[in-house]
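Please look through this protein with an eye to the empty spaces enclosed inside it, and to the residues that surround them.

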Amino acid sequence: MSEASRDRTRLAGLVLCGLFVLMAGRGGYLALSGAPESSAATMAARTEPKALRGEIRDRNGQLLATTVEAHSLWVNPSLIWSVDEVYDGLVGMFPELSGTNLKDRLSDPSRKFVWVKRGLTPRQREAVMDLRLEGLGFRTETRRAYPLGELAGHVLGQVSVDGEGIAGVERTLDKALASGDAPVQLTLDVEAQAALEFELATAASDYEMEGAAAILMDTRTGEVLAMASWPAFDPNRATEIPADDPSRLNRAVGAVYELGSIFKPLTVAAALDRGAVRPNDSFDVSQPILVGGFEVKDTHKFAQTANLTEIMVESSNIGTVHIARELGVARLKTFLDDAGLLSRAPIELPGSERPLVPKHIDEVTAATISYGHGMSVSPLAFVAAFSALGNGGEMMPPTLLLDPDREAEPVRLVSAITAEIVTRMMRESVIRGTGQTAEVAGYRVAGKTGTGEKAIAGGYDKNANISSFAAVFPEDGPQYALIVTLDNPKAKPGRGATAAGSAAPVAGRIIERVAPLFGVTPRFDDVRPARPGQTARTPERSAL
């Protein structure tokens with residue numbers, strides 16, 4: 001070969017080497033930069049960036065949700081030499097990718113851009129880099145972060161991978177949050193929220209229940225100070241939680257229950273306020289009462305006759321049905337409608353569940369509804385109505401959005417004197433009735449237990465209960481309403497699965513923790529010694 005030919009060969013080799021280095025350099029650049037120029041992702045990146053999604057804070061300014069920088073992993077299939085090597089490496093790091101069609105997408109060399117996983121942490125990004133796989137790239141994006149983890153997870157909800165609210169207040173307040181103009185401030189108090197969630201988690205361990213809910217509400221403003229549901233939900237892990245996982249359900253608003261005898265104070269209040277009964281009226285409670293062909297019974301005999309206070313203290317179904325009969329079907333139905341118990345509870349959350357109400361409220365269904373059976377409502381709907389007893393008879397619409405300029409219209413449910421009378425009755429129920437396990441020294445709890453067989457398709461499960469406790473406190477100037485509902489708590493030695501043995505003590509522990517947070521002054525001048533001859537409560541008496 002001539003010298004000139006050798007020179008041309010060397011020159012051609014240098015050109016080819018240069019082209020190879022150039023292509024390799026471009027490939028390396030693509031593997032460490034944003035999406036290819038022709039991809040939709042790059043076109044999106046060139047558009048004007050959206051405002052950072054606004055923060056969510058509690059009533060005291062505690063951060064609940066924020067937006068942080070994250071890394072999203074993509075791949076250019078046209079640059080992959082070994083599909084199996086890239087696929088195995090990615091699935092080894094992110095096992096959940098094995099359930100996707102990632103391998104098919106990697107095998108299409110006509111593609112220039114395929115998302116692999118979004119929202120990686122800096123540590124995950126570094127680990128992917130260490131794999132040294134061809135064709136991979138990262139794009140800096142933003143993702144939603146919830147610094148307190150599970151705390152208030154059901155209320156906060158979640159966003160999609162594109163940052164759009166799809167659950168909780170992230171969804172209902174999506175427009176305000178997306179604008180990024182200012183933080184959204186909720187009515188929640190993180191310390192009260194932590195108390196509710198801790199006590200529900202403890203109850204889950206104690207009673208092996210299927211689920212639970214608790215709500216603490218300011219009776220004078222309607223502000224929800226805490227709302228908890230169990231099992232807990234961590235919005236930081238939302239993409240890893242299956243759609244049908246029980247933790248996704250916010251039982252405080254999205255589930256309905258037959259709440260049992262906590263309905264009795266409302267029945268008594270309605271009858272008193274309409275003039276159907278008077279506080280000292282007495283009714284025969286010695287025998288079951290016949291209603292539409294079936295008998296309404298009490299779990300224990302306690303007297304021949306009883307006035308309204310004793311009916312409440314002893315949680316008498318018989319006595320409550322007598323009161324409901326005096327009230328009448330039409331007036332009971334009107335009261336339920338005024339109390340919002342025949343419709344969804346209004347709240348700034350998606351998924352507020354509609355109550356299950358009989359098609360026709362007649363003498364039979366009115367009787368069972370009077371003591372909390374045959375009608376299912378959400379804990380939120382109930383506590384909103386019940387809170388009127390702690391606010392001079394006025395019911396404030398519940399809210400999760402802290403707004404100093406809010407001008408909510410209260411609903412006059414009963415008179416102030418009726419509310420005071422019924423609250424005193426509930427105080428007696430806590431001092432010497434079925435609610436004794438909810439008593440907290442100094443904080444004057446006024447409340448009522450409720451236990452009912454769990455409604456199932458076609459009837460009731462005689463081996464499963466819904467146990468609840470509803471209260472207002474302090475009794476001499478109520479400002480707070482609380483409901484605790486436990487789904488099928490299991491009986492343990494020394495305590496039952498009824499509300500007196502489960503929901504009531506949980507409520508007591510919650511009140512003991514939250515009352516000092518809100519400056520409730522303890523007072524001990526209403527503590528009473530046992531009456532002469534008073535006997536201990538029987539196990540049967542605790543059943544309601």
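The paragraphs below take the enclosed cavities of this predicted model in turn.

When cavities of 30 Å³ or more are counted, the model turns out to have 2 of them. The largest cavity has a volume of about 40 Å³, while the second largest cavity holds about 30 Å³ of space.

To find the largest cavity, you can begin at Glu 150, Ala 152, Gly 153 and His 154, which are among the residues that line it. Further along the chain, the lining also includes Gln 193 and Glu 197, and then Met 227, Ala 228 and Ser 229, together with Ala 232 and Phe 233. Two or more residues of this lining are given by each of helix H6 (153-156), helix H9 (190-207) and strand S9 (224-230), and strand S9 makes the greatest contribution, with 3 residues. Sorted by class, the lining of the largest cavity consists of 5 nonpolar, 4 polar and 2 charged residues.

The second largest cavity is lined by residues that include Phe 263, Leu 266 and Thr 267, as well as Leu 332, Phe 335 and Leu 336, and finally Ile 369 and Ser 370. The elements that supply two or more residues to this lining are helix H11 (264-273), helix H14 (329-338) and helix H15 (363-370), and among these helix H14 provides the largest share, 3 residues. Which classes of residue make up the lining of the second largest cavity? There are 6 nonpolar and 2 polar residues in the lining of the second largest cavity, and no charged residues.

Definitions and conventions: Residues numbered from 1 in each chain as written. Predicted model: local features only at pLDDT ≥ 70, side-chain atom pairs only at ≥ 80, totals over all residues. Heavy atoms only, no water. 1 Å grid on protein atoms, 1.4 Å probe; cavity = no way out; pocket = protein on both sides within 12 Å on 5 of 7 lines; lining within 4 Å. Points joined across faces, edges and corners; volume = space filled by probe spheres on them. Helix = DSSP H or I, 4+ residues; strand = E, 2+ residues; numbered from the N terminus. Nonpolar A, V, L, I, M, F, W, Y, C, P; charged D, E, K, R; others polar.
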